[in-house]
Amino acid sequence: MKKALITGISGQDGSYLSEFLLSQGYEVHGIVRKASSFNTPRLSHLYVDPHKGDVKFLIHYGDLAESGQMTHLIYNLRPDEIYHLGAQSHVRVSFDLPEYTGDITGLGTLRIMECIRRSGIKCKFYQASSSEMFGAAAAPQSETTPFYPRSPYAAAKVFAYWTAINYREAYNIFVCNGILFNHESPRRGETFVSRKITRAVASIAAGLDQKLYLGNLKARRDWGFAPEYVVCQWLMLQQDRPGDYVIGTGESHTVEDFARESFAYVGLDWQDYVEVDPRYFRPTEVDHLCADMRKARKELNWSPKVSFSELVKIMMDADLRAVGVVPPGQGEKILKTKDLNWIQGSDRPGGSDAHGSSRSIEVTSS
Ligand code: NAP
Ligand code: GDD
């Protein structure tokens, strides 16, 4: 049985990747930070009490700022594959916390690469690189487009990208960079713009709110559906040779488009509710990201199945349900047609259990 170790397992991608790997028969280990409050709602439905038998999903405390525990885990678990998804991942926040972001998002990767090298463990490594690294480079962007980072987050990801490549070349470690464009889902963090919009529209539709304040409405992003993207993370590590891949849809839309589609889904006009608040502007913006993903299409035989408007409907249905409104249901129907039956939790195709159960996870080593 293959063993995987995931950093950032409590995040959007980490939770989907766990479900996908479990469906493939993996034993899945993940690293979570110690918090005084409940920080594993995306994972609760996967937790099985180790006293009840053969457990395939185990959580350990760790922090990307601390290499001792990481070395200990890698050496003792001896994973076949490491998926490094942990990061301070919010671009706007990185302007407020540049040093912290450099430490966790940039040096965090170096710390893990060094643990792998020093432990001598033969494992494959996935680095969660980002389309943000392209920054001001003209769209569409491919694996050969030069980087032009526009935030401390993007600069840290460029450092991590080249660190990963250096360890591949210097120490012959099987390392892949997935250069993923924005991907969203009902599990997306609530302050990223897609989820901020769908939650606000749901609240407004439920009569709980009146306005949605946003920043730059003209920025264009290539938005895809997160569960499809975690499959690519796995696919990269299943290739004969390591490589770096751009993953996106090849279509871009503005923030305004996202708001328009979301409001229209519940029969509202976005212009009646959205106001611009300059507090959400960034000191330097990334205007246009759009993937040229021909390499992934050819070598990984991958292409996205969920379109932009389908993504909006999937997210809207989930957020409407979360505020107690019966959704139009188009998104739920769409999900059932996409061959993603490995998804667990409330956004499972046809699933109905509560999203984000409040059951605590017991950390294996505590
Ligand atoms: P996310 O939801 O923000 O998850 C980030 C994860 O990193 C969380 O589990 C978080 O733990 C963990 N983390 C943060 N600081 C940490 C620390 N000091 N030590 C250990 N863990 C820490 O991000 P995501 O959307 O799943 O994205 C996954 C990865 O892909 C990230 O590296 C992100 O930068 C990158 N990426 C994302 C996208 C996208 O569109 N989603 C696109 C390209 C690249 P807590 O739950 O405790 O905060
Ligand atoms: N968050 C946020 N909040 N963004 C807003 C808002 C707002 O109120 N109003 C407009 N925007 C614009 C931002 O200025 C940006 O141009 C765009 O919406 C998308 O912002 P986010 O959803 O925060 O995502 P991001 O593109 O900055 O970063 C995400 O994608 C990257 C991949 O390109 C994150 O997931 C990164 O971790 C990831 O690497």
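A crossing of two helices is called left-handed if the near helix is turned anticlockwise from the far one by less than a right angle, and right-handed if clockwise. In the predicted model shown here, local features need pLDDT of at least 70 and side-chain atom pairs count only at pLDDT 80 or more, while totals for chains, interfaces and linings use all residues. Residues are numbered from 1 along each chain as its sequence is written, and ligands are numbered from 1 in the order in which they are written.

The crossing of α1 and α7 is right-handed; helices here are DSSP runs (H or I, at least four residues) and strands likewise (E, at least two), numbered from the N terminus. The axes of α1 and α7 (residues 226–237) come within 9 Å and cross at roughly 65 degrees, with axes fitted to C-alpha atoms over the stretch in contact and angles running from 0 to 180 degrees between N-to-C directions. Q12, D13, Y16, L17, F20 and L21 of α1 meet A226, P227, V230, V231, Q233 and W234 of α7 (contact: C-beta atoms, placed from the backbone, within 7 Å).

Helix α1 also serves the surroundings of ligand 1, giving three residues, the largest share of that shell. Around ligand 1 there are 24 residues, of which G8, G11, D13, A87 and A128 are the closest (a residue is near if its C-beta atom, placed from the backbone, lies within 6 Å). Two or more residues each come from α1 (12–23) and β5 (124–130).

Ligand 2 is likewise surrounded by 24 residues, with V91, S130, V193, G215 and A219 nearest. Here α3 (91–96) and α6 (193–205) give two or more residues, and α6 provides the largest share, three.

Key. Two residues are in contact if their C-beta atoms, placed from the backbone, lie within 7 Å.
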